[in-house]
Every structure is written in C-alpha cells, then in structure tokens.
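Colleague: Hi! Could you walk me through this one? I'm new to reading structures.

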Amino acid sequence: MGALPVFRWRLAPDGYATRRQLRAQGLRPGGQPVAAQLERPRRRRGPLVAYLYRVDLAKPVRPMTPARRAALAKANTARRLCPACRRDAGYVIPTALGTCVPCAYPDPHGPEGSTR
C-alpha cells in the first residue's frame, strides 16, 4: 500500500469526506481504510490532520434499535452516578475528577457554609 494522498485544508476533491461529514449525510465509513488526509498548517506546531474516506464506499448508518437505545440510556445513566456517594450527580461526571464535584472538593466548613 502506498502513501496516502495529502490535501491542503478545504481543498479536498469531491468524493472524499471526514467521519463527521459522512455522519451528516447519514453514512459511516463501513470498514473502509482511510483514503486520504487533509493537513492544515500551524505555526510552531505540527499540522492539524483530518482523515478522509471515500463517499462512494460509505455505508448507511445502522438504525437505532430498542435494545441499542436501552443500552445507551443505561451507559449514560452510569456516567452520571457518583462512585463515592452513589447519587445521580445530574451531569456526566468528569473523568478527571472521577467523582461528583461535592465529593471531589468537600466544603471544609461543612454544609452550613462560611464561618464569617
């Protein structure tokens, strides 16, 4: 296999699309290899790279089934559950914290608040 064709940012020919562009058209790469790449030069750093797929080889997005919808709902609920206090945080818990914000940063003055 040869090297990938490289195009400048916004200058890719018709027939190529990124994953997001495919998704907007209701398509997915469908197991095809990366066909080309876009490069956007940056100062003092390496270029930004976006991988392109051929639109003619893309397949339609698989439909959402009731079982898949239930599995996604269960996974998203698990991401909201704090492992320390076992409460629903009301938001997706950041992986950097690992717990809800009150558990990660407990108030040193207790639940009453400031001592001033």
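Colleague: Which residues line the largest pocket?

Modeller: Happy to help! Keep in mind that this is a predicted model. The lining of the largest pocket is made up of W9, R10, L11, A12, P13, Y16, A17, T18, Q21, L38, A50 and L52.

Colleague: How much space lies in the largest pocket?

Modeller: About 180 Å³. In general, rolling a probe the size of a water molecule over the atoms shows where empty space is left.

Colleague: And how do the lining residues divide into nonpolar, polar and charged?

Modeller: Nine of the lining residues are nonpolar, two are polar and one is charged.

Colleague: Which strands each supply at least two residues of that lining?

Modeller: Those are strand 2, covering 16-17, and strand 5, covering 45-54.

Colleague: Let's pick L52 from the lining. Where is L52 found, buried or exposed?

Modeller: L52 sits in strand 5. L52 counts as buried because its relative accessibility is 1%, and the cut-off for buried is under 20%.

Colleague: What does L52 touch, leaving out residues up to four places away in sequence?

Modeller: L52 has contacts with F7, A12, Y16, A17, T18, V34, A35, A36, Q37 and L38. Take L38 as an example: L38 and L52 are 14 residues apart in sequence, and their C-alpha atoms are 7.2 Å apart in space.

Colleague: A17 is in that list too. What does A17 touch, again not counting residues up to four places away?

Modeller: A17 touches L22, Y51, L52, Y53 and V55. A17 also belongs to the largest nonpolar core.

Colleague: Which residues does the largest nonpolar core have?

Modeller: There are five: A17, L22, L27, Y53 and A58. As a general trend, nonpolar side chains tend to be buried together in soluble globular proteins.

Colleague: New topic: charges! How many salt bridges does the structure hold?

Modeller: Two. Side chains of opposite charge can pair when their charged atoms come close. One salt bridge joins R54 to D56, with 2.8 Å between the closest N and O atoms. The other links R80 and D88, at 3.2 Å from N to O.

Colleague: Are R54 and D56 buried or exposed?

Modeller: R54 is partly exposed, because its relative accessibility is 34%. D56 has 56%, so D56 counts as exposed, the cut-off for that being over 50%.

Colleague: What about D88 and R80, buried or exposed?

Modeller: D88 has a relative accessible area of 49%, so D88 is partly exposed. R80 is partly exposed as well, with 30%.

Methods: Residues numbered from 1 in each chain as written. Predicted model: local features only at pLDDT ≥ 70, side-chain atom pairs only at ≥ 80, totals over all residues. Heavy atoms only, no water. 1 Å grid on protein atoms, 1.4 Å probe; cavity = no way out; pocket = protein on both sides within 12 Å on 5 of 7 lines; lining within 4 Å. Points joined across faces, edges and corners; volume = space filled by probe spheres on them. Helix = DSSP H or I, 4+ residues; strand = E, 2+ residues; numbered from the N terminus. Nonpolar A, V, L, I, M, F, W, Y, C, P; charged D, E, K, R; others polar. Salt bridge = Lys/Arg side-chain N within 4 Å of Asp/Glu carboxyl O. Buried < 20%, exposed > 50% of the residue type's maximum accessible area, 1.4 Å probe, protein only. Core = buried A, V, L, I, M, F, W, Y, C linked by side-chain atoms within 4.5 Å. Contact = heavy atoms within 4.5 Å.
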